[in-house]
Amino acid sequence: MSNDTWIPEPSEASRPFFEGAQAGKLRLQCCSACGTWMFPVATMCSQCGGRELEWRDTSGQATLFAHGRLRREYHPRHQDRLPLILAQVDIAEGLRINTNLIDADPDTVRSGCRVEATFETFADGGVLPVFKPVDG
C-alpha cells in the first residue's frame, strides 16, 4: 500500500464489504445457521463452526464502547485530519468493531452514546464506514 492509497486493495473475500461501503451500507458476514455476525472476514462461524456465511447489510446503529484521540501524524494520510477519534462501537447486531468517529467534539464525546454508520470517501476514491453521534 503506497502513501497515496487510503484503503487496502479488496481481496475476493473482502470485496462485499468494500462494495457495501461504496453503496453506503455497512455490510458484514452473518452465519446462515445460527445468525452470528462476524468481522473481520471469516471462512467459518466463530459460534457454531458453520461454513454457510453470507453478506448482509446491518442496521448501521451502534453504541460507542470506547474511544481515544489520535493527535500525532503517524502517516501522511493523517495530514489535515487530526485529531482523529479512534473508536470501538457495539453494533446493534451484536458485534464490536474498530472504526473512526466523525462529526463529534473529541472533548465531549462519551462512551455509551448512540452512534450510526456513515461513510467517508478518501482522496483515492476509496470509501470506508465510520460512525457519527446520532444526537450531535
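**View 1. Helix 1 lies across strand 1 and strand 3.** Helix 1 covers residues 15-22 and runs at about 135° to strand 1. The model shown here is predicted. Within helix 1, the buried residues are Pro 16, Phe 17, Phe 18, Gly 20 and Ala 21. What do the buried residues of helix 1 pack against? Their partners are strand 1, strand 3, strand 7 and strand 8. Strand 7 spans 114-121, and strand 8 spans 127-133. Just after helix 1 comes Gly 24. Gly 24 has a positive phi of about 80°.

**View 2. An open sheet is built from 3 strands.** The strand order is 2-1-3, and the pairing is antiparallel. Which strands form the edges? They are strand 2, at 37-38, and strand 3, at 53-57. Each edge strand pairs on one side only. Strands of a sheet pair through backbone hydrogen bonds, in either a parallel or an antiparallel way.

**View 3. Strand 1 meets strand 2.** Strand 1 takes in residues 27-31. Its pairing with strand 2 is antiparallel and runs over 2 bridges. Which residue of strand 2 stands opposite Gln 29? That residue is Met 38.

**View 4. Cys 30 and Cys 31 are buried cysteines without a disulfide partner.** A disulfide is a covalent bond between the sulfur atoms of two cysteines. How many disulfides does the structure hold? The count is 0. Why is Cys 30 not bonded to Cys 31? The closest cysteine sulfur to that of Cys 30 is in Cys 31, but it is 6.9 Å away, so the two are too far apart for a bond. Cys 31 is in no disulfide either. For Cys 31, the nearest cysteine sulfur belongs to Cys 48, at 3.6 Å. A disulfide here requires two cysteine sulfur atoms within 2.5 Å. Are these cysteines buried or exposed? Cys 30 is buried, with a relative accessible area of 0%. Cys 31 is buried too, and its relative accessible area is also 0%.

**View 5. The whole chain holds 1 helix and 8 strands.** Along the sequence, the pattern reads α-β-β-β-β-β-β-β-β. The chain has 136 residues, and 37% of them are buried. Among contacts with a separation of 6 or more, 50% join residues 24 or more positions apart. About 7,900 Å² of the chain is exposed. Carbon and sulfur atoms supply 46% of that area.

Notes
Residues are numbered from 1 along each chain as its sequence is written. This is a predicted model: local features need pLDDT of at least 70, side-chain atom pairs count only at pLDDT 80 or more; totals for chains, interfaces and linings use all residues. Side-chain values use heavy atoms; hydrogens and water are left out. Buried means under 20% relative accessible area, exposed over 50%, partly exposed in between (1.4 Å probe, protein chains only). Two strands pair if DSSP finds at least two bridges between them. Helices (H or I, at least four residues) and strands (E, at least two) are DSSP runs, numbered from the N terminus. Contact means heavy atoms within 4.5 Å. Axes are lines fitted to C-alpha atoms, for helices over the stretch in contact, and angles run from 0 to 180 degrees between N-to-C directions. Accessible areas come from the Shrake-Rupley method with a 1.4 Å probe; for residues, only the protein chains shown count as cover.
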